[in-house]
Amino acid sequence: MSDKALTGLKVVELAEFIAGPYCGKLLADFGAEVLKVERPGTGDEARERGPFPGHVPDPEKSGLFLYLNANKLGITLNIETATGRDILKKILKTADVLVEDQPPARMKALGLDFESLRQVNPRLIVVSITAFGQSGPYKDYKGYAINASALGGQSVCAGEMGREPLTPPLCLGHYQSATAGATAAMGAIFAREQSGRGQHVDISEAQVWATLHTGNQETSFILHGMKRIRWGHRTPGIYPYTILPCQDGFMSMIAIQGYQWKRFLELMGNGQVPEWYSTEPRYQDRREISLKYADEMDGRLAPWLTSHSKAEIYKMCLEKKVPFAPVRNMEEVVNDAHLAFRDYFVEVDHPAAGKLKYPGAPGRLSETPWAMDRPAPLLGQHNEEIYCRRLGYSSEELEALRNGGII
């Protein structure tokens, strides 16, 4: 097999839970050697999170950890100690990228901030992913996904009209921040080819959220003073742009082009647009429907939708080139024929968790393919390889480091 796209790139990951590890995973999956540094004894916080096989908690079997840390090497190191920090700096001397998620004040207090590390390795690129970034009045505050999405203006847009805002689900901000971090890291690597110097990549999750709706929400306020309200299961503008129930679930319905909407109406009317649509003047302008009559139109569609299954509606819409899609649950996603055809899910055999199915590559490279080469590391699995074979410590020294709580 050809080398992967990032073969030869050396990354050190000093990060926990989702954002930093997913950033490291994106780089690892495309070929970078990613060395994950964990706390001795307990390791990454994600090891404590489920799901676990058989619902039995085990730090070596967390589904979240196993997914986020596949393709990485793993060591333990206590950076709270001076010896631990010295060892980390030795590792970083030959690294290309450090991915970290520590509070800025903590990194500075430990002498591991960017300005200190660039003295160790001027070519080092440091990717810092935190809730609020490395500067500004919030930089030293602890932040979580719910804080970042709220401050970034995303939560105010989510939820039903007249109800409380909602935080986006499934830690989306962490994954978005990680993707931004990996992308920016690649830009910094290209820049280093010209300058020969590393640089600091500062990712603020709240700021990432703020960029995700800049095109319409922020710009509408800046230009017109318009504030976004929550629209729940629909998006305003043109009807339909909504999610509605059917016989066995829900359909995601969008028809931007007029011919798409007409084709769906013809499906409902067995080849003819329903009479109620043709004879009602208020239904002729789909923007008016969206703003004034959306609930009424939902009711018009309900009898037909609820008399058909997701599969039936989807099949009919595909045949007529109407871009509606079923809202699938996780069982349906995991068993999706399209994803199976593209070999999206992969099986990985882990020494503790056994053989499990994992989500695969978000994208494909034709010449330097993505691959899942190794399972997530056991806690401290590669201590001997890194400390002895690469850094030159003897077995006796390694044991002393272990007994001293350094690794």
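**Exercise 1. The pair E385 and R390**

Task: In this predicted model, determine which residue forms a salt bridge with E385, and classify both partners as buried, partly exposed or exposed.

Solution:
- Step 1. The partner of E385 is R390, with 3.5 Å between the closest N and O atoms. The cut-off for a salt bridge is 4 Å, so the pair qualifies.
- Step 2. E385 has a relative accessible area of 23%. Partly exposed covers the range between 20% and 50%, so E385 is partly exposed.
- Step 3. R390, at 43% relative accessibility, is partly exposed as well.
- Step 4. Elsewhere, E13, K36, D44 and K72 are joined into one network by salt bridges that share partners.

**Exercise 2. Two further salt bridges**

Task: A search of the whole structure finds 26 salt bridges. For D96 with R192 and for E319 with K315, state where the partners lie in the chain and whether they are buried or exposed.

Solution:
- Step 1. The side chains of D96 and R192 meet with an N to O distance of 2.9 Å. This pair links distant parts of the chain, 96 residues apart: D96 is in the loop between α3 (82-92) and β4 (97-100), and R192 is in helix α7 (residues 172-195).
- Step 2. D96 has a relative accessible area of 15% and is therefore buried. R192 is buried too, at 5%.
- Step 3. E319 and K315 form a salt bridge in which the closest N and O atoms are 2.7 Å apart. Both belong to helix α13 (residues 310-320); because they are four residues apart there, about one helical turn separates them.
- Step 4. E319 and K315 are both exposed.

**Exercise 3. A buried acid without a salt bridge**

Task: Find the nearest side chain of opposite charge to E100, and list what surrounds E100.

Solution:
- Step 1. E100 lies in strand β4 and is buried.
- Step 2. The nearest side chain of opposite charge is that of R106, 7.5 Å away. With a cut-off of 4 Å, E100 therefore has no salt bridge.
- Step 3. The side chain of E100 does reach the backbone nitrogen of Q102, at 2.7 Å.
- Step 4. Apart from neighbours within four places in sequence, the contacts of E100 are L14, A15, M107, V126, V127, S128 and I129.

**Exercise 4. Backbone exceptions**

Task: Locate the cis peptide bonds that precede P51 and P240, then place N270 and D343, two non-glycine residues with positive phi.

Solution:
- Step 1. Begin with the usual case: most peptide bonds are trans, and most residues other than glycine have a negative phi.
- Step 2. G50 and P51 are joined by a cis peptide bond, with omega about 0°. P51 is in the loop between β2 (33-38) and α2 (63-68).
- Step 3. Y239 and P240 are also joined by a cis peptide bond, again with omega about 0°. P240 is in the loop between α9 (214-224) and β7 (241-246).
- Step 4. N270 has a phi of about 55°. N270 sits in the loop between α10 (258-268) and α11 (275-278), and its relative accessible area of 75% makes it exposed.
- Step 5. For D343, phi is near 55°. D343 occupies the loop between α15 (337-341) and β10 (346-350). At 57% relative accessibility, D343 is exposed.

Notes. Residues numbered from 1 in each chain as written. Predicted model: local features only at pLDDT ≥ 70, side-chain atom pairs only at ≥ 80, totals over all residues. Heavy atoms only, no water. Helix = DSSP H or I, 4+ residues; strand = E, 2+ residues; numbered from the N terminus. Buried < 20%, exposed > 50% of the residue type's maximum accessible area, 1.4 Å probe, protein only. Lys, Arg positive; Asp, Glu negative; His and termini not counted. Polar contact = N/O pair within 3.5 Å; in protein donor to acceptor, adjacent residues only side chain to side chain. Contact = heavy atoms within 4.5 Å.
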